[in-house]
Every structure is written in structure tokens, then in C-alpha cells.
Amino acid sequence: MVLPHSLPLVPLPSSASVGVGRLPITESTRVIGDSPATTQLKDAVAQRTGIRLTASDVAAPGAIALRVDATAAPAEGYRLTVADGVEIVGGDEAGLFYGMQTLRQLLSEDGGAWSLPHVEIVDAPRFPRRGVMLDVTRHFFDVTEVKRFIDETSALKFNHLHLHLSDDQGWRIHIDSWPKLTELSSASAADGDRGGFYTQDDYREIVAYATAHHMIVIPEIDLPGHTHAIGVAYPDLVEEPVLNDGLVSQAQELGQPLPVKGEPYLGWGVGHSSVRIHEERTYDFVRDVVRELAEITPGPYIHIGGDESLGTPQADFDLFAEKATAIVVEAGKIPVAWHEMGSAADIATGTVGQYWGKTTPEGSHAEEAEHFVARGGALIMSAADAAYLDMKYTPDFPLGLTWAAVIDVQRAYSWEPTAILDVPADAILGVEAPLWSETTRTYADVENLVFPRAGALAEVAWSPQEAPGRSWESFRERLATLAPQWRQRGVNFHPAPEIPWAAQ
């Protein structure tokens, strides 16, 4: 007998059926397989249940078997069956990893006994690009904290980690050829909080950890604006700050300082900084930074920034966009840029644009974003009024900002990435959920803004629109079941009142 799908899973699988009965998980349960996912599964089950499963090469009743079969599922897809035993078959290692995450969510306890429901799940992602972004510049988060972020976001089947490594407030990655960046520009952060930076070995450690969790790291150096910190180390590379009325009024309202060239900037204001567009030394700098990042980044992307260059003349901005994206291509990587760089007629062919405008585009945002597709590239959708994790949940929420919108969990869930711009659906690579860190002074603050909305955005990115149960009513009930797991792992999630959170 097959019952209607009522599984506590986020994101929702492509298809699932629930049978009668449950499979006990005990100390005698064996795990069969030679994939790294077997060790990850044993660790996950032990963390969730206290039960330490044992690896085995021999089939046994009730065993959990993991294997890869490219003919059984597409890339990142998997099949999961629970009956007299468990079988997870991944289309590749990533698919096996995601099947393991699904199994972890299915585990439940009744009277001290742990078990899995009898199920048949066939699953694969809707979009190949499912990303999260962590701004480690305005406030710095160390290697241990970034690893924790990877743990919890990869569990929701996100597969890209965008690290925002430079901004006005600080520089966060050591560059051998420009050592003053970390000597002079890394100690500062927003609000005068602690700074910091990653050595190249630190960065390699993050990349390796992300790779083990099937996440591709995308490093971003924001250019030509958001570059005040560069000028603290190398004043000859940047222009004098360009102040505007909005910047001045915001500084007065928040009691923050205005930027002064050559001095660390501790405020939140944007748009005042720019590198010198017409100096060849600027491009020597960009070339060196991109080259060193490319050498330690196995993933295919380097993000070159491009947003909010309000003090840069348009012609200069476009010239820089064309030169900087070409430099990334020369380094053997695919350039990624915020959608404003789509204003440049000759931006490098194949550049990926990241759209951060609203779900109803304003001004020239749609035209700029669509130009990436015209130039042979594609788009990542990060609609600020739906996907920005740094927006407040409610107008009076103590963390976050409101300039894009107030985004509750339902708002984060209820948007369609392919409906915003006039481009073919296959030009949309997927979704990225950015977390800007103006107000997140601790890692606990990060988790409070990211979770539970990351669950909503994970489902937008992973689950087919037409999947049974792909609705807000279903989602809020399924999301509620993650609370005990998050509590057990110490995740500082926000208990949003629109979700009927499970007690245990």
C-alpha cells in the first residue's frame, strides 16, 4: 500500500511515496559502501541519534547501502528506498551526499527507538546553481565559523558558497604580491569590531571543506567600487571618496563616520569609493589578485563585483568592467559580476551576471542583467526583496536592514526566479541567497538571519514547481520539523511565528 506523500523534508523531493511500516535503526545497523558519504552518514546519524553505525562489506538485514550509478539518476540526483533495508543510489557523489541528507531528515524517534519510514524517493535539483553568500568583510567570520555555515547550508542541498572577501570596511584574503592588503587593511570592520583575514592556507582549508560537502567556493573581490580598504593599503590605487546626500544623511542617522581616504572606514555607507580606472597600475593589481585567487580556487568562477559604484562615471565603469572581466578570462576562470556590469557593451563573452534587483525590476536593472545573456552568459537570481537574507523578518526585528523589503519566511518562499527577466528559462543558472553582514556582529547573528529562510530559498532552488506538495501550506509544516534537528545542532534559528515549530 502506498500513502500520499507526507514526509518531513526540506527541500521537497521531485517525487516520493510512503509505504506502510518503519525500519528500525539500531547499533546493529550496518552501512555498506566505499564512498566518502558513508563516513558522513555515520557521523550524521551519530550526531542525530547517538547511535554509531558500523561499516561493513557484507550485506546484512536492515543495512544501509550507498552506491553511485550514473545511469540511475542525473548529476546531483539520487534514488532512496527504505523497506527491509535502505538503498541510496546517487547519480554521482554529490547525489549520494544529498540522498544522505534526505535520510538524515527522515530519521525520527518514538519512545527512545529510532527508525525510518518505508519510502521510495526519486529526486534531482531543478537548478544547477543553488548558492549562499557570506559577507566576511563588514564583519569577519573565521574558518571554524565558515565551516559551520557550510555544514548547515549544504544540509539543505546548497552547492555554491560565495565569499565576499573585500569591501570598504576591510580586506580578507592574503595576496602575496600585494602584502599590505592584509598588513594594513584587514584589522578593521564595521562598527569598529574585530577584523581578520584568511591566509592562503586558511582559504585552501575552507575550499577543501566545501568540496567535501559538494559546494563550489566562489571568491569575490568587489571592484571598482566598495574599494576603500584597498586605499588604506595602497592609496595610489583609489580615488578620493565621493560623498552623496544619501551617504551623509545615513551616517548622521546612524552616528557613523564618513569615509576619509587612507583611514579605515567603519560605517555602512556605499557608493563613495572607486579604484583609479585610467591607471595601468590598477590593472596590474587586478591581474595579480585574480591570478593568485585563481591558483588557490579549483572552482570555475571568480566574482569581480561591480555593484553600487555610484561615484564612478558610467563610461569609466563600463571600461573597467570590460577590462576586469577579460582579466578573469585570461586567468582561466569564468567571470561573475553583479548585474550593473551588464551596462558594458563588450563585457567578456560568457560572463555570468548576478541579478540583485527586485522581483519587479527597477530602472535599468533588467536591461543590464539581460545583456549578460546576449553576450553568451547566464544569470544567477538574487532578488533583493525575496532572497536577501540580511533583510529584517519584521519591521521591528533587532537584526537586519529594510532598504529592499521586510522578508518573512513566506516572502522568501513565494517567488519565481524565471518570471523576473525577459530571458529564456535555461539562461537562469539558479538562485543565490546573500547574507550581507552590516548588522551581524557575531556568528549567532548570522544564523538568526539565515535560518529558517535558507530553507525556503533551498526549496525555490531545488524543488520542481510542479512537485506534489510544492506549496506554502505544505512547506511551513515540513519546515517546522527541522526545529528539533537545528536545536540539537545548536543552530540559532529564528522561530518565525508563521511556522508551527515542532517541539521535538
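Two residues are in contact when heavy atoms of theirs lie within 4.5 Å. The model shown in these figures is predicted.

**Figure 1. The whole protein chain, with its 16 helices and 19 strands.**
Among contacts between residues at least 6 apart in sequence, 72% join residues at least 24 apart. The C-alpha atoms fill a box of roughly 70 × 45 × 45 Å along the principal axes. For 504 residues, a compact globule would have a radius of gyration near 23 Å, and the protein chain agrees with its 23 Å. Buried residues account for 60% of the 504 residues. The accessible surface is about 18,200 Å², and carbon and sulfur atoms hold 53% of that surface. The protein chain carries 37 positive and 70 negative charges, and the mean positions of the two sets are 5 Å apart.

**Figure 2. A salt bridge between Glu87 and Arg67.**
Side chains of opposite charge can pair when their charged atoms come close. A search of the whole structure finds 24 salt bridges. In the bridge between the side chains of Glu87 and Arg67, the N to O distance is 3.2 Å. Glu87 belongs to strand S7 (residues 86–90) and Arg67 to strand S5 (residues 64–68), so the pair ties together parts that are 20 residues apart in sequence. Glu87 is partly exposed, at a relative accessible area of 33%. Arg67 is also partly exposed, and its relative accessible area is 40%.

**Figure 3. A salt bridge between Glu76 and Arg130.**
The closest N and O atoms of Glu76 and Arg130 are 2.8 Å apart. Glu76 sits in the loop between S5 and strand S6 (78–82), while Arg130 is in strand S10 (residues 129–135); the pair links distant parts of the chain, 54 residues apart. Both Glu76 and Arg130 are buried.

**Figure 4. A salt bridge between Glu416 and Arg126.**
Here the closest N and O atoms are 2.9 Å apart. Glu416 is in the loop between helix H12 (409–413) and strand S19 (428–435), and Arg126 is in the loop between strand S9 (113–123) and S10, so the pair ties together parts that are 290 residues apart in sequence. Residues under 20% relative accessible area are buried. Glu416 has 17% relative accessibility, so Glu416 counts as buried. Arg126 has 26% and therefore counts as partly exposed.

**Figure 5. A network of salt bridges.**
Four residues are linked in this network: Asp135, Arg138, Asp167 and Glu438.

**Figure 6. Arg129 and its contacts.**
Arg129 lies in strand S10. At 3% relative accessibility, Arg129 is counted as buried. Neighbours within four places in sequence are left aside in this view. The residues in contact with Arg129 are then Asn159, His160, Ile218, Ile380, Leu429, Gly430, Val431 and Glu432.

**Figure 7. The buried residues of helix H15 (residues 472–480).**
These are Trp472, Phe475, Arg478, Leu479 and Ala480. Three helices are among the parts that cover the buried residues of H15: H12, helix H14 (453–462) and helix H16 (483–489).

Key. Residues are numbered from 1 along each chain as its sequence is written. This is a predicted model: local features need pLDDT of at least 70, side-chain atom pairs count only at pLDDT 80 or more; totals for chains, interfaces and linings use all residues. Side-chain values use heavy atoms; hydrogens and water are left out. Helices (H or I, at least four residues) and strands (E, at least two) are DSSP runs, numbered from the N terminus. Buried means under 20% relative accessible area, exposed over 50%, partly exposed in between (1.4 Å probe, protein chains only). The radius of gyration is taken over C-alpha atoms; the globule rule is 2.2 Å times the number of residues to the power 0.38. Accessible areas come from the Shrake-Rupley method with a 1.4 Å probe; for residues, only the protein chains shown count as cover. Lys and Arg count as positive and Asp and Glu as negative; His and the chain ends are not counted. The place of a charge is taken as NZ of Lys, CZ of Arg, CG of Asp or CD of Glu.
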